[in-house]
Amino acid sequence: GTLLDWTLRLIGHNNQHVLEGEILPAKVQEKLETKMIKAMNEKFENMRLKAQVEILKETKQARYFYSKLKSIREDTDNKGASLGRDFRKKLSLERGDDDGSPTSKGKAPAE
């Protein structure tokens with residue numbers, strides 16, 4: 001047989017289960033995480049995207065996702081409100097309104 005077969009016979013059946021069920025999956029996960037983070041960072045960099053790559057265990061994924069989604073939505077809402085105010089102000093200035101506020105009724109006609 002191969003070196004792997006010989007090694008597995010050497011460690012014994014019980015230890016083989018520990019190796020296959022605990023040790024190897026943890027090592028594979030560790031290597032995959034490192035390679036995945038590197039690959040995703042390179043991909044985003046090539047696309048000129050600013051992103052934070054983080055690999056989470058399955059038990060933490062949903063909590064992280066919904067927390068991050070809430071944060072993004074709040075940022076978007078705040079930026080959207082700000083953009084709306086800026087747009088209304090610019091529009092009202094172009095029309096000749098007094099102060100650009102949504103309640104401004106405009107300048108009185110010149111007599």
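Is Arg48 buried or exposed? At 80% relative accessibility, Arg48 counts as exposed, and View 3 comes back to that residue. This is a predicted model, where local features need pLDDT of at least 70, side-chain atom pairs count only at pLDDT 80 or more, and totals for chains, interfaces and linings use all residues. Residues are numbered from 1 along each chain as its sequence is written, and side-chain values use heavy atoms, with hydrogens and water left out.

**View 1. The whole chain is helical in its elements, running α-α-α from the N terminus.** There are three helices and zero strands; these are DSSP runs numbered from the N terminus, helices being H or I with at least four residues and strands E with at least two. Of the 111 residues, 8% are buried (buried is under 20% relative accessible area, exposed over 50%, partly exposed in between, with a 1.4 Å probe and protein chains only). The accessible surface comes to about 10,300 Å², and 56% of that belongs to carbon and sulfur atoms (Shrake-Rupley method, 1.4 Å probe; for residues, only the protein chains shown count as cover). Take the contacts between residues at least 6 apart in sequence: 10% of them join residues at least 24 apart (a contact is heavy atoms within 4.5 Å).

**View 2. Leu3, Trp6 and Leu10 make a nonpolar surface patch of about 390 Å².** Patch members have over 30% relative accessible area and no salt bridge; nonpolar side chains (Val, Leu, Ile, Met, Phe, Trp, Tyr) are joined within 5 Å, like charges within 9 Å. A salt bridge here is a side-chain nitrogen of Lys or Arg within 4 Å of a carboxyl oxygen of Asp or Glu. Leu10 sits in helix H1 (residues 3–11) and counts as exposed because its relative accessibility is 59%.

**View 3. Arg48 shows a positive phi of about 60° without being a glycine.** Most residues other than glycine have a negative phi. Look for Arg48 in the loop between H2 and helix H3 (58–95).

**View 4. Lys27, Lys31, Lys35 and Lys38 gather in a surface patch of positive charge.** Lys and Arg count as positive, Asp and Glu as negative, with His and the chain ends not counted; each charge is placed at NZ of Lys, CZ of Arg, CG of Asp or CD of Glu. Lys35 belongs to helix H2 (residues 13–46), and at 62% relative accessibility Lys35 is exposed.

**View 5. Pro25 lies in helix H2.** Pro25 is partly exposed, since its relative accessible area is 38%.
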